[in-house]
Every structure is written in C-alpha cells, then in structure tokens.
Amino acid sequence: MPTPVLFPEYGDRMAELARRGDVQGLADEALAYAAVYTGHWGHESRHVTDALGLVAPERKPELLMAILDRCCRITETDHRRVTNELLEILVRRYSKISTPDSAAVALGFGARHTAYFDGEEQRRMAELLLDAGRPLPPEVVAVLRRTVAHGYWGSAEALKPLLAKLDAPALNSGEAWADRALADVASLDPDEARRWHELFRHAVTATSAKPSQKWETAARRLLDELPEPGDRLRSWLALVGQPRTIRLNRTRWEHDVNEAFDQFNTTPLRGLVWMTSFLPDHPETPRTLGALVETALRKVAGLGPRSPKIANAAVYALSRVPTEEALAQIARLAARVTFKGTLKELNAALDARAAALGLTRDEVEELAVPAYGLTEVGRRVEHFGDASATLDATSGTVTVTWRNSTGKIVKSVPAAVRSAHPEQLADFKAAVKDVEKMLSAQTERLDRQFLAQRVWPFDAWRARYLDHPLLGTLARRLIWLVDDVPCAFADGALRTHEDKEIAAGETVRLWHPIGREVAEVLAWRAWLEAKQVTQPFKQAHREVYLLTAAEENTRVYSNRYAAHVLRQHQFHALTAARGWRNKLRMMVDDAYEPATRELPQWGLRAEFWIEGIGDDWEADTTESGAYLRIATDQVRFYPIGAPEHYAHAGGGGYEQWVSQDAQPTDPVPLAEIPPLVLSEVLRDVDLFVGVASVGNDPTWQDGGPGGRFREYWASYSFGELSGTAQTRREMLERLVPRLAIADRAKVEGRFLVVRGDLRTYKIHLGSGNILMSPNDQYLCIVPKQTASSSTGDVFLPFEGDRVLAVILSKALMLAKDTQITDRTITQQLRG
C-alpha cells in the first residue's frame, strides 16, 4: 500500500500555482505547508516536492531564493527546520552540476548563510565562475571568508589560495557599517579611495589582542595620508550593530546569526577601532567607543556576547585617549559591564590611570564623573538663540523642558532650533543620553558601596558627591553618616531627621539600617515620605537579614532560599548585575561552580548552590542546550582563597576539587560572618528568587511544562512573604491610606485586598498574583513591561521595586473593575 500524503490540499494548490508561473505565491504556500508539517521530507510530502518540480526550469532559481528569503524571517524552530530541509533538497542539484550557471545559483544561495558548503565545494564552484570570466559577487566573497574564519571542513586550505588571488574589497558586505564604509570610499576620487583601501587592508592584519608598535606606526602613516579621517571612522563605528543589510538564514543549532557580527569583519573592525585612538582628540570619539563596548557585549541567543573582541578593542582605544571624556566612559562602563573578560580590561585601564595620577582606584572613579554641562546640581540650561532647553535630573529621572523664543513651554524642539542650531542640538541630545547612562551606572556603583564600607574625608566627599553637578542628584537623596551622625540633604543643608543642621565633619560614609536603632530607621522612613524624597535605591527601606534560629541549627549554611525554581537566564542576568560570578548551565555532561560572589574586603566568598532542572531537551532547554530553569539550594561562605566547588550541571552535590595531598576547606560558620555581609548577600539571593522565580509568572497556573511545577507555583504565588515582600507590605501599610482607593483597599497578611464593584481581589505581596471572590478564583493579569508608569502620581520613597509598582497598578485598576475593557480580563471577571 502506498504511503499516504499529509495535507494533500497543499499539493493541489501548489501545482496550480506552478502551472501559472506564480513563483512568489508558490513560495508562500511552501512556507505555509512547512508550518504545519512536522516530519522529514519523503513519501508523505512528495505531493509538495512534485508540485515544486512543475515550475519552469528557468524559474527554479527564483523559487529557491524566494523560499530562502522567507526562511530568513522564520523564528519558530520546527518551522525553520522543515523549511531548511526543503531548501537543502532544492539547492542540491545546483551544487552538483558543473556549469557556471548552476555554480552561480548555489553560491548565491550559500551567501545567504554564515557558511553552508564545505571549502572544496565552494572552491570548485567559484573556479567555475572565474574560469568563465564571471566575477564573484561581493556577498559570495563574504561567505568564502566567513567559511575560512569559522574553520569549517578544512576550508582554510581549500579557500585561502583562491581568496588571495581575488581583487576584492577588504571588508565583507552585508553589515551596515561596512556597506557605508565601502560606499563612502567608492564616492571619492581614485587616489583617496586607493589610500582608504590600503588602510582597510592594514586593518585586516589586526590579528593580535593589542597593536604592536610596528602595526601602530604603519596605521599612523596611513591615517596621516588621509584628509581628516576621524569623522569618517566615527560615522562608520556608530553604525556597528545595526541590522544586517543582507539578512542571513539561520540553520539548525545555529545562534541568531543576524544579531551576531560577521566573523570575518571583526578583525578589520578591531583595527579601525584601534585607529581612532591614534587620531587627534575629539569629544565624539569616547562616546562612540563607549557605545561600541555596549553594542559588542549585547547578548545573542545561543552565542552570548556579540563580540568580546570588539568590546576589548574599544576599551583599549579608550585607555589610549588621554581625555576626561574617555576616562568618564571607562568609569561608567566599569560600573555597568558584567562580561568578565571586558570588565577585567576596564579595571586594568582604571588601575593604570589611577597609578599614573597617584590616586586610588576609588578616587579615579569619582573624579572621572563629568558635569556634562550642568551648572548646578542636576540642572543645565542650554540656549539656542532666543529658545532654550532645561535639563533636570534632580529627581532621578532626566527630563528636558523646551521653551520657544517667547519663553513659552513647548512639547518638542522648536523648528528654529532644528534649522539654525543643528550641531549644538546634536551635542545637547548626546549630553542628555550621557547623563542618563552615567546616572544609571553611578546608582549601581553607589549601591555596591555598602559592602565596600568606603570612608571619605568630609571636604572631598562634599566636592565629589554632595555638590557635584551630577552625583549630587544621587547623594542628596541618600542618608549619610557624618562622624557617625545620620543626616541627609534638605532645604540647602545637611540635616538630621530632627532638622538639626550639620555644617561640617571629619569623615563620611553611607548609612545602612543594620545595627541602627529601630526608632532611627523608622524616623528616616517617615522623613523621606514627609519630604517626598525618592531614593535612587532602597536605603532607609532596605531589607535587613539577620541570622535565624534555623540557620543557627544548620550552622554553616542557610536553607532560607532553597527549593525554588528559577528562570535560569533571568537569574544569570541578575547575578551579573549584582557582582556575582555565574555560568549558564547546559544540559551536558559537565561540572559547574555555584553562583559566587567574592568579597575581598572581607576575605570571604559567598556561594549559592544551584542545579539545572529537567531531562527533556525540547521542554527544558533552549535551542543551544541551556537549561531553561534551575533549582536552588544552600547559601554558604568560604575563605576567599578556598578551593572551588563543582557539581554536575543536573545536580548530584557539590564537591571541592583539591589535590590528593590537600584537605577540603570547611565553610565559615554563619555566626562568624559579619552581619552586614550576611545581610547584603542574603538580600541579593532574595532578589534573585523574588525576580526570577517561575512563581511570579501569572500564566503558569497550569504549572508549566507537563504541570510539573504546579505545586511550587501555587506555594510561591500565594505563600509566605520573603524579606523583600515584607518590606513591600510595610510600605503599603503606610501608603494605602493615602491612595484615592483608600476606602476600597487594605493590607491583610500576605495580601493587598481590593474591593471592586464586581469582585473582591487579593493581590499577593510577593508575586503580585491575584485571587478573587468567590472561592479564591485565580485571576490572570499579565503586566506590561512598563507597569511602573501606570501608578499615576503615587509617591514611592525608593526606585527599583517593579513588583510594588505592578501591585499598585493592579490595585488601582481592580478598584474600578467595571471600567476594565481588556477582554482577557473581563472574561475572567464575568465568567
């Protein structure tokens, strides 16, 4: 009996399209079939391949490329797999026929991939074209180079001699920056264009981690021969990371190739980046290089950072630029970058600058923060003729207010400013972005100063922080200890919460609630709320984690945050942001260290033990094989020099790897850990669990894949409150009576209870998930990513608690449940 075909209606439609010569319609239909067909191409799908074979021979290359164009846009894994298998069938005949025309089709197809055919195949097809007197298109040259760069299938031996004979540009086409560079140079007179191409060829030789003196000398000579090359280099570098101009097809197991950098181009790009530091100083150079570091470190699914090589090259170039703007970029990046290799380069650059200036590393970081044109703390007024713009960063949010020539506030940039002052406007807009980036970086740096226990001389602190035009916007919203007297800035002076003015002192350090009297902590919370001061991070409301009775019993480890299920990639991002070292766990036979935070000032290392969950490749991992979820276990502390622990990716227990002659190092008893260290480490772990737990996902009522996590989801979503959630409850107890819905809302135990007209709702203070009357029926509301903007004019005394903002936005909405129009919600309310 013949094998039945699947979805036979597709074959009929496609045969008709083929007879009509509708290649584009046929490609659409082929993609539609691939979306519903989950098998491998064979007898059951022969009606589709037979229909494709009805296309006129001269139109078949067009059909191949039409299907390929559509495949480049597919995101669903199985759909892409099925379509790629079809493409492999269709292109095979062209790669096997030994004619220039078939070679042109196959090479054109291969050029839409990172690499496709092996080196010998590509060489044979390329020589067919060249022998016929037909040049290789730039995109074909690009894929030949990428194949060599990837080292596939002995490609170097097959392709390098061929590439050496080609008279092709030194840059691969297909990336926005390279295309612009090639186009710009093509528009120049032949002599100048020749010199630029010579510079590009030199950039291709940037194969070492840093330029040699010989390489630099040659680069400087080439730059000197060009008229003002800086503007062109900076304009090209500003385009790095923009969408590819020639979109590539992603094959199975491959990372998102259209988000990655062209692997061949990264070498000449590194050379061009180095060259920016050999040019005369220009204020735009550090800004361009700083942005390039961030662009190069942006992560790609299945790959990781796009190009640490380019990020490190940009850091090197910044370290060679002897300006305050360059130092500011290095300091900003050192506070934000989490990729270990690049962070090491940034730290080395800062340490070198500190040694050259005879200052400490901390002092250099502080002195590196520019004023960005701010003439007073948090304010800059820029005049554009009769119009003006006021930049205000005093509240933590950077705002710009425009006034036209009559002094009237307007919503956007006045037309006269755009036409008469374009360069000044561009500089001002760049400064606004710089202020936003630097404030974010310095907020994170200051938040890490608690464990650093930094102490400043009063006068130096006042100049570098309190009265600094930019850092003052942060320092004036924090509480400080001046000679151990707590004070904060209000009404033009430092004051205690009892309004006693502090005019001077000897030393200053950050105030932390641990070890302070409860009355003092509560007084500062009340002071902040009365003054309507929003702190840049939790300080007065900061959670304090003290040793529990259970931890006294376990003695050397804490189980406080064990047995949770976390989204691995979100957890990984959080650990990096908080200064922990962690590696993504893959579903492979390999061993991993725990998530680790080193505390050199205390001689300690904190460890958070975790392991991957699941054994189903499809349901439990990403395409690259990384676990989607991890399970949590103990928190421990060891001397910083103790041997590392390792455990199998999927669990099995941690062990210290020591030589046969050595003894494992015992953990430090929790009772011996300084209270500040214990509290801050457990606060980090609470953050990891509180943000990354699958229990926070309102769509997981069914328990996720196979319902395996239903019990955990229910226990977390509506269970006991963590330290962060308890702080949230205390905040809401004071905040709710001042809300417009005060008569409809109250805090009861673990919930904020809100009375609507249709139902009564219980919003859990930990997860933000909702139960509603009657019978605690679950209500699924998926918050927007910008939920914090929906809390209206509600004052919050600290930034950074997104769950609190989500809870408030849900409460404000549910109190007026008859006005809800979202059908996904109304159907649940009336169901």
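Here a biologist asks how the labels on this predicted model are justified, and a modeller answers.

Modeller: Ground rules: this is a predicted model, where local features need pLDDT of at least 70 and side-chain atom pairs count only at pLDDT 80 or more, while totals for chains, interfaces and linings use all residues. Residues are numbered from 1 along each chain as its sequence is written, and side-chain values use heavy atoms, with hydrogens and water left out.

Biologist: Why is S679 called buried?

Modeller: Buried means under 20% relative accessible area, exposed over 50%, and partly exposed in between (1.4 Å probe, protein chains only). S679 has 0% relative accessibility, so it counts as buried. S679 sits in helix α29 (residues 675–692). Helices here are DSSP runs of H or I with at least four residues, strands are runs of E with at least two, and both are numbered from the N terminus.

Biologist: What is S679 in contact with, beyond its neighbours within four places in sequence?

Modeller: Contact means heavy atoms within 4.5 Å. On that basis S679 touches I514, E543, V544 and Y545.

Biologist: What makes R80 and E623 a salt bridge?

Modeller: The rule asks for a side-chain nitrogen of Lys or Arg within 4 Å of a carboxyl oxygen of Asp or Glu. R80 and E623 come to 2.7 Å, N to O, so the pair qualifies under the 4 Å limit. R80 lies in helix α5 (residues 77–96) and E623 in the loop between α28 (617–620) and β17 (629–639), so the pair ties together parts that are 543 residues apart in sequence. R80 is buried because its relative accessible area is 2%, whereas E623, at 27%, is partly exposed.

Biologist: How do you know that D191 and R194 are about one helical turn apart?

Modeller: They are three residues apart in helix α11 (residues 190–203), so about one helical turn separates them. They also form a salt bridge, with the closest N and O atoms 2.9 Å apart. Relative accessible area is 39% for D191 and 44% for R194, so each falls in the partly exposed band.

Biologist: How many salt bridges does the structure hold, and which residues are linked in a network?

Modeller: The structure holds 70 salt bridges. D447, R542, R578, R597, E680 and D684 are linked in a network of them. Another pair is R380 with E382, at 3.0 Å from N to O, and both of those residues are buried.

Biologist: What makes β14 and β18 a pair of strands?

Modeller: Two strands pair if DSSP finds at least two bridges between them. Two bridges join β14 to β18 (residues 645–648), so the pair meets that minimum. The bridge partners are Y592 with A647 and A591 with H648. Two bridges also join β18 to β19, again antiparallel, and one of the matches is H645 with Q656.

Biologist: Why are β14 and β19 called edge strands?

Modeller: The open sheet has three strands in the order β14-β18-β19. Its edge strands, β14 (591–592) and β19 (655–656), each pair on one side only. Along β18, H645 and A647 point to one face and are buried, while Y646 and H648 point to the other and are not.

Biologist: How do you know that α25 has close to its expected span?

Modeller: The expected span is 1.5 Å times one less than the number of residues. α25 (residues 518–531) has 14 residues and reaches 20 Å from its first C-alpha to its last, close to the 20 Å expected. Its buried residues, among them W524 and W527, pack against β9 (485–490), β10 (493–495) and α31 (723–735).

Biologist: What is unusual about the phi of E228 and D483, and where do they lie?

Modeller: Most residues other than glycine have a negative phi. E228 has a positive phi of about 45°, and D483 is near 50°. E228 lies in the loop between α12 (213–224) and α13 (229–237), while D483 is in the loop between β8 (480–482) and β9. E228 is exposed, because its relative accessible area is 67%; D483, at 37%, counts as partly exposed.

Biologist: Why is the peptide bond from S773 to P774 called cis?

Modeller: Omega there is near -5°. Most peptide bonds are trans. P774 lies in the loop between β23 (770–772) and β24 (777–779).
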